[in-house]
Amino acid sequence: MSLLKIARMGHPGIRQGTEPVSSEELHSQAIQRLIDDMVETMRDADGVGVAAPQVHVSKQIIAIEVSPENPRYPNHPAVPLMVLLNPMIIDHAETMEEGWEGCLSVPDLRGLVPRWTRVTVSGLDREGQVVALDAEGFFARVIQHEVDHLNGKVFLDRLPDLQTLTHLREYEQFWKR
Ligand code: NI
């Protein structure tokens, strides 16, 4: 496994759409290795999620893992490692709530982003099995954030009020609950 370079906002790849992973591709060494490397890269950067465009690959692959000890997003309920290929949000709650988000591709910034409180996401796991699951709260937020990446969106696009945008140090000082 190896660490991948993270694309930052401004790199055109962050704003491009992505291609689904075909079933032949899914079982290839290249894709399986990419998934391992994405997970390693996410953990190394203390991310709670990563999408393939963030590591310069225009494919529909996301990885999510939340630990309550994560230094960037502490005290959120744990989410075991989840890898999803070709994910689609197929259902969501009627209500949204605001929560703080940052992004490995938008370093040092946080903003208050409204997201659906609950989503149902479907896709394939890394073995190609169809999976569908319900998520709520922070887990649902991370899913929506990562799926946005596959459509060339970053959390800044979802900010209703740019005035909530804050650098990390100021977030820690003034806004962290
Ligand atoms: Ni992100």
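## Overall fold

Five helices and eight strands make up the protein, in what is a predicted model. If you walk along the sequence, these elements come in the order α-α-α-β-β-β-β-β-β-β-α-β-α.

The C-alpha trace spans about 50 × 35 × 30 Å along its principal axes. The radius of gyration is 15 Å, which agrees with the value near 16 Å that a compact globule of 177 residues would have. Of the 177 residues, 49% count as buried. Looking at contacts between residues at least 6 apart in sequence, 66% join residues at least 24 apart.

## The nickel site

Which residues coordinate the nickel ion? They are C103, through SG, together with H145 and H149, each through NE2. The distances run from 2.1 to 2.2 Å, and along the chain the donors follow the spacing C-x41-H-x3-H.

The two histidines both belong to helix α4, and because they are four residues apart there, about one helical turn separates them. Are they buried or exposed? H145 has a relative accessible area of 7%, under the 20% cut-off, so H145 is buried. H149 has a relative accessibility of 1%, so H149 counts as buried too.

## The enclosed cavity

Rolling a probe the size of a water molecule over the atoms shows where empty space is left. Here the count comes to one cavity of 30 Å³ or more, and the space in the largest cavity is about 140 Å³. Its lining has 16 residues, and those closest to the centre are V48, Y73, G102, H145 and E146. H145 is a name you have met already, as a donor to the nickel ion.

Where does the lining of this cavity come from? Both β4 and α4 supply at least two residues, and α4 gives the largest share, with six. Sorted by class, the lining divides into six nonpolar, six polar and four charged residues.

## The largest pocket

Now to the open spaces. The largest pocket has a volume of about 410 Å³. It is lined by 20 residues, of which P74, H76, W100, Y171 and R177 are the closest to its centre. Four elements give two or more residues to this lining: β4 (96–103), β5 (106–116), α4 (137–150) and α5 (168–175).

Which element provides the largest share of the lining? That is β4, with four residues. By class, eight of the lining residues are charged, seven are nonpolar and five are polar.

## The second largest pocket

The second largest pocket comes to about 170 Å³. Its lining consists of P87, M88, I89, M96, P114, R115, W116, Q144, V147, D148 and R158. At least two lining residues come from each of β3 (79–92), β5 and α4.

How does this lining divide by class? Seven residues are nonpolar, three are charged and one is polar.

## Helix α4 across the sites

If you would like one element to follow through the model, try α4. This helix carries H145 and H149, which coordinate the nickel ion along with C103. It also provides six residues to the lining of the largest cavity. In addition, α4 is among the elements that give two or more residues to the lining of the largest pocket, and it supplies at least two to that of the second largest pocket.

How values were computed: Residues are numbered from 1 along each chain as its sequence is written. This is a predicted model: local features need pLDDT of at least 70, side-chain atom pairs count only at pLDDT 80 or more; totals for chains, interfaces and linings use all residues. Side-chain values use heavy atoms; hydrogens and water are left out. On a 1 Å grid over the protein atoms alone, a cavity is a set of points where a 1.4 Å probe fits but cannot get out, and a pocket is an open set with protein on both sides within 12 Å along at least five of seven lines; lining residues have an atom within 4 Å of a point. Grid points are joined across faces, edges and corners, and a volume is the space filled by probe spheres set on the points. Ala, Val, Leu, Ile, Met, Phe, Trp, Tyr, Cys and Pro count as nonpolar, Asp, Glu, Lys and Arg as charged, and the others, Gly among them, as polar. Donors are N, O and S atoms within 2.8 Å of the metal (3.2 Å for Na, K and Ca); water is not among the atoms, so sites may look incomplete. Buried means under 20% relative accessible area, exposed over 50%, partly exposed in between (1.4 Å probe, protein chains only). The radius of gyration is taken over C-alpha atoms; the globule rule is 2.2 Å times the number of residues to the power 0.38. Contact means heavy atoms within 4.5 Å.
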